[in-house]
Amino acid sequence: MKFRFNLSYNPIDGNKIATTLDAYRNRHHSEIVGDFENEIKALTGSKYVVALNTGTAAIHLALRAIGVTKGDYVLVSTFTYVASVNPILYEGAIPFFVDSERETWNMDPELLAQAIELLIAKKKKPKAIMLVHTYGIPAKLDEILSIAGHYAIPVIEDAAEAIGSRYKKKHLGSFGAIGTLSFNTNKILTTFGGGAILTENEEHYRKILFWASQSREDKPYYEHQEIGFNYQMSPINAAVGLTEFASLFEKLNERKLIFEKYRDALKEIPGLQFQEQDDERQSNFWFSTILIDKQRTPNRVGARDVLEKLAAQGIEARRMWNPMHRQPVFQTFETMLSGVSDQLFENGLCLPSDHEAFLHQHAIIDEIKKV
């Protein structure tokens with residue numbers, strides 16, 4: 001369906017991309033990727049960065065770098081997109097789904113500790129924790145990293161949705177053993193397909209760089225001593241990323257203003273709840289998200305009702321993540337649940353959050369109020 005107002009859309013500006021490419025006319029095109037990686041380093045403060053062709057590839061190689069292999073358990077947020085989980089299966093490992101807490105909607109530290117104890121009791125100590133910062137909202141990092149440190153379990157930060165988000169002024173993805181980013185088509189900073197890993201560990205960096213380029217040995221002919229992957233980012237995607245970097249902070253500020261306008265215009269309606277950030281936890285507001293308590297709204301309207309009415313007016317909204325433990329493909333895997341992610345899925349809605357939404361937000365707000 002074609003919408004008048006999209007959830008999060010990035011138009012292609014061919015002229016701007018061409019200008020970026022023209023600056024490399026007499027340089028090797030591999031420098032474009034290197035320059036894009038340097039921009040990510042400067043933004044995130046990470047020592048090592050590898051740009052890849054998807055965020056999924058970044059998660060896959062992050063798992064391999066910390067030694068996840070067949071039969072290993074990986075604790076993963078259930079309130080996420082499927083790309084956080086599929087790479088665990090690529091390696092023959094076993095996902096164990098951990099529910100969210102109500103404050104940040106991210107992995108619940110108490111449930112995480114319980115899940116670790118349960119698996120240790122079964123002599124199946126987890127090999128890794130896959131922590132997702134959902135919708136760019138920082139998780140409870142202090143608590144989770146403390147638990148992970150206590151049990152000596154490495155943390156991979158899936159910060160796919162969190163470009164520009166910070167916790168205690170430090171960029172997300174730079175807290176765990178390895179962080180991952182996504183530059184998919186609907187992200188605040190897009191390369192129209194791409195991702196990256198962030199790490200302070202040189203060994204992890206070199207392994208990931210090697211595997212991403214088909215594990216080709218450094219010899220004057222083609223030799224491969226282990227399996228590799230075709231995961232490198234293309235120069236064209238990197239050029240788009242460099243073009244997008246020029247307006248990143250403007251976009252981040254715009255997303256914040258969009259959220260604040262929704263909140264200020266709708267906060268007085270009973271049953272509607274917005275998530276707030278604080279001085280320590282700074283979201284990038286990738287999506288402006290709202291919870292709708294059907295039992296408290298004046299006319300018993302729920303998230304699904306609002307979604308349908310907005311779609312009828314050409315306005316794209318979307319329900320929050322359908323938790324991974326509910327997905328038919330993952331029904332056989334263990335869980336540690338509290339019901340929070342189920343409630344978020346039932347009551348949550350993502351509202352239009354891109355530049356066009358910013359320009360026409362009054363019309364979107366009016367339609368929500370009508371519902």
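1. Strands β2 (residues 73–77) and β3 (residues 94–98) run parallel and are joined by 5 bridges. Valine 76 has phenylalanine 97 of β3 as its bridge partner. Strands are DSSP E runs of at least two residues, numbered from the N terminus; two strands pair if DSSP finds at least two bridges between them.

2. This is a predicted model: local features need pLDDT of at least 70, side-chain atom pairs count only at pLDDT 80 or more, and totals for chains, interfaces and linings use all residues. Numbering starts from 1 along each chain as its sequence is written, and side-chain values use heavy atoms, with hydrogens and water left out.

3. The open sheet has 8 strands, ordered β1-β9-β8-β5-β4-β2-β3-β14, with mixed pairing. Its edges are β1 (48–52) and β14 (335–336), each paired on one side only.

4. The largest nonpolar core (buried Ala, Val, Leu, Ile, Met, Phe, Trp, Tyr and Cys residues joined through side-chain atoms within 4.5 Å; buried is under 20% relative accessible area, 1.4 Å probe, protein chains only) has 60 residues. Phe36 and Phe183 are among those with the most contacts inside it. Beyond neighbours within four places in sequence, phenylalanine 36 is in contact (heavy atoms within 4.5 Å) with residues including Phe183, Met233 and Phe245. A second, separate core has 32 residues, including Ile66 and Tyr205.

5. The whole structure has 1 cavity of 30 Å³ or more. A cavity is a set of points on a 1 Å grid where a 1.4 Å probe fits but cannot get out. The largest holds about 100 Å³. Its lining has 13 residues (an atom within 4 Å of a point), and Ile137, Gln275, Ser283, Phe285 and Thr289 are the closest to its centre.

Methods: Buried means under 20% relative accessible area, exposed over 50%, partly exposed in between (1.4 Å probe, protein chains only). On a 1 Å grid over the protein atoms alone, a cavity is a set of points where a 1.4 Å probe fits but cannot get out, and a pocket is an open set with protein on both sides within 12 Å along at least five of seven lines; lining residues have an atom within 4 Å of a point. Grid points are joined across faces, edges and corners, and a volume is the space filled by probe spheres set on the points. Helices (H or I, at least four residues) and strands (E, at least two) are DSSP runs, numbered from the N terminus.
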